[in-house]
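Q: Could you take me through one part of this structure slowly? I am new to this, so please explain each term as you go.

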Amino acid sequence: MKDTADSYVTADGRTIGPVVMEMKNITLRFGGVEAIKDISFDIRQGEIRAIIGPNGAGKSSMLNVISGFYIPQEGEVWYKGSRRPPMKPFQVAQQGIARTFQNIALFEGMSVLDNVMTGRLTHMKTGLLAQSFWKGAAEREEVENREVAEKIIDFLEIQAIRKTPVARLPYGLKKRVELARALAAEPSILLLDEPMAGMNVEEKEDMSRFILDVNDEFGTTIALIEHDMGVVMDLSDRVVVMDYGKKIGDGTPSEVRNNQAVIDAYLGVAHD
Amino acid sequence: MATPLVRADGPQSVPALLHRNATQFANAPAYREKEYGIWQSWTWAQTRDEVEALALGLMEMGINEGDFVSVIGRNRPYLYWAMMAAEMCGAVPVPLYQDANAEEMAYVMNHCGARFAIVGDQEQVDKILDVQDQLPEFQQMIYLDPRGLRKYDHAAMKQYSNVQELGRQFRDKHIKELEARQAKLDYDSTGVMLYTSGTTGKPKGVVLSNRNIIETAKSSSEFDNLRQSDDILAYLPMAWVGDFIFSVGQAMWTGFCTNCPESADTMHVDLREIGPTYYFAPPRVFETQLTSVMIRMEDASRMKKWLFDTFMAHARKVGPAILDGKPVSQWDRFKYKLGEAFVYGPLKNTLGFSRVRVGYTAGEAIGPEIFDFYRSLGINLKQLYGQTEATVFITAQPDGEVRSDTVGVTCPGVELKIAENGEVFYRSPGVFVEYYKNPESTRDTKDAEGWVATGDAGFIEEGTGHLRIIDRAKDVGKMADGSLFAPKYVENKLKFFPNILEAVVFGNEKDECTAFINIDLTAVGNWAERNNIGYASYQELARHPQVMDTIQSHVEAVNASVAEDEMLSGCQVHRFVVLHKELDADDGELTRTRKVRRRIIEEKYDDIITALYDGSKSVSTETEVTYEDGRKGSIKATLEVRDAAVQAVTPTKLAAE
């Protein structure tokens, strides 16, 4: 593994920055059940980092630890060079970490645009009173934030459904709207919990392209959980493999693919 | 500054018109585009500056007079400007279909030897990069949307805004030369080169001069009283002559505003927001809109449905007459006004047609029911007949003389004649200069006196002087018994049914006619949903027995209507199959403008055609399909061959001949 402070260039010419987030010996228990057992790994600036593993391996728990939803009993989360104290999810969001959910969690009755605008919440400073009169600073702020939201709508090609209530959208588009809302927060780290679950091949291809484009265009660091091995191997720069709460592999896709422990536990029997 | 560009005999080129508009209508909107949810607009003066900056940038990049510049992408102001900038530099713009695949693009760009390409986005850049090896003359690409292109090798690639920046920076160095080049442009210099979609063989490059463009734009604008305050929505392919004439020719001549939608998917929303006053759409668009209105009315509450049905029945009765200014009783007028308030007005608003003064449809025949529906709402929808070689306009319907079965009277300046075999010939100021690098085809199409063969068979109606088109002249054939075979005539009748998307009729030199049918997935799918019929794929729905029954009843209805026409009664469809896949331009079965390519279909589905004639009850077939990304796969299916009832043909006429 490269030194934690250095940037390096991957075989296919992508520049990966220094470590931005480090998980040190994380253990998470629910009563007597250990969901995560003593796991350490890091996330580097600008990379696409995948977390894979069979069902119940603890992947979503791991993501919830990163997003501050769960507070681990043991271990430390280091973010941008300093140890992160236990904090609430909204504080984590304010630090520039945004996420999407495995089971879509949008405001179903609101339009796509309004949903995306909620992603801007952490960037709004004017108070309730100013916003209800919508004069001066509040108006300016809304215009600025709307512009950001519109650029993301353009980027994810969902202009046609801008005003459509989310409840009326098909599943694949809801996933995209959720990504839009997460992007609207202009996060430095984007957490995606199974962004392609339940999609058909075409939708998966579209989503993969959007993920790569987001990473490429905004330089957003992405950590994602995904079941589709093809997608993981194509998209990610490095992969963490979990099984029964333990880390059993960590490295580039090809390293992981050839790791005997991973093959045994997860990928099944090795071909040739 | 404009002194060298003004000529005593009026503007003689597209750039000259741009300069005129920039002075005359300086602050009027010239272009609008919805971006980031807001309509951005540019005045004529701003447009001139933008175009000029790009032209200067192109000069800095070394563009020569006579170079060809490919323009590829969806309708955006920037790409229209690209065409004008190219012409300013004395180069020739060649717009290409944005959904063309890499090989099709390679053919066209190689044929004209394009040195520059101005493209919309990464998709187009990738396509050109794919075929760059086959393009020896190609040098530089200019792209509009930088998304995804940051890491590309920029040795032969520049961003549009950077080229404009370059132009502004080196303005002093090139402005004299640019003005000199524009001053050289006149009526005889080439304004644009458009490739025909090519129902047969390779596309041909149609060279249109400034005379063609400006004369046509002028006379057609006068014909319909187009005004500077008009608005159009530019959403049809830029490579198509119609879009060029509406969005560049007429827009330049009258100075009206061209509005570009945000994306292809938002077209209907944008249409509603803009409310164009002058609108053009191929019949397919009107058909789709009508189908969606009807489907939504099916789901409406009973009160609304009743209101809609009652007032639409009234509209059908008196609407067209009111539109044409014919006498209608006071009571009917009052009822129509009531309908306007309750139904027609809101409906037109939903469709985006509230402000339409002149609407045109062309390219294919439009179903009389569809045509009447729009006219009865008070939308002045008319038909025109034209082609690329004529710079669009050959005939058009004047206000007050609109019918669904003719294509109108000759446009100002156009002469018509019908050859002995029924083929329509015309001569006009819009007649194209030549097919590029193809003198042989030019000679075949245009004779020494300037008469051009349309390739369509038709006749001029006695009394009214209206032209009626029967079919493509080369598709018109003879049945084995010598009666006339006009496949398109029958296909159009079939396609007027909402359930039928496409039809191909065979029967040349055979005893009887047979047909391939494509169902319309929207209409038939909705019907299936309504009747609780489950289906997993197009293929499955297409061979559902009830769908087959419905199609059979449509075919039989068409047979009954065909039988009424003495000349064409032999064209009744005896047997048909519902195809297992949609005919597709990606598979070469349709042109990019969605016209049927008969020869290709005949070869490809030879086995099915054989089954249609040898009496078999079903046929198993395997068809290769091309996916949008170029991969190939195949579909296997067993198709049922159905017999359709035909009307007895009165043999008297044939015997008398």
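A: Happily; here is a close look at one helix of chain B. This is a predicted model, in which local features need pLDDT of at least 70, side-chain atom pairs count only at pLDDT 80 or more, and totals for chains, interfaces and linings use all residues. Residues are numbered from 1 along each chain as its sequence is written, while chains are lettered from A and ligands numbered from 1 in the order in which they are written.

Our helix is α19 of chain B, residues 545-563. Helices (H or I, at least four residues) and strands (E, at least two) are DSSP runs, numbered from the N terminus. With 19 residues at 1.5 Å a residue, α19(B) should span 27 Å (1.5 Å times one less than its number of residues). Its end C-alpha atoms are 26 Å apart, which agrees.

Now look at its sides. The buried residues of α19(B) are Val547(B), Ile551(B), His554(B), Val555(B), Val558(B), Asn559(B) and Val562(B). Buried means that 20 or more other C-beta atoms lie within 10 Å of a residue's own, exposed that 12 or fewer do, and partly exposed is in between; C-beta atoms are placed from the backbone. Down the axis of α19(B), the buried residues fall within an arc of 145°, so they line one face of the helix; the arc is that of the directions from the helix axis to the C-beta atoms. Exposed Pro545(B), Gln546(B) and Asp549(B) sit on the face turned away from that buried side.

What covers the buried residues? The cover includes, in chain B, the helices α16 (487-495), α17 (521-530) and α18 (538-542), along with the strands β24 (500-506), β25 (513-519) and β26 (573-578).

Technical notes. Contact = placed C-beta atoms within 7 Å.
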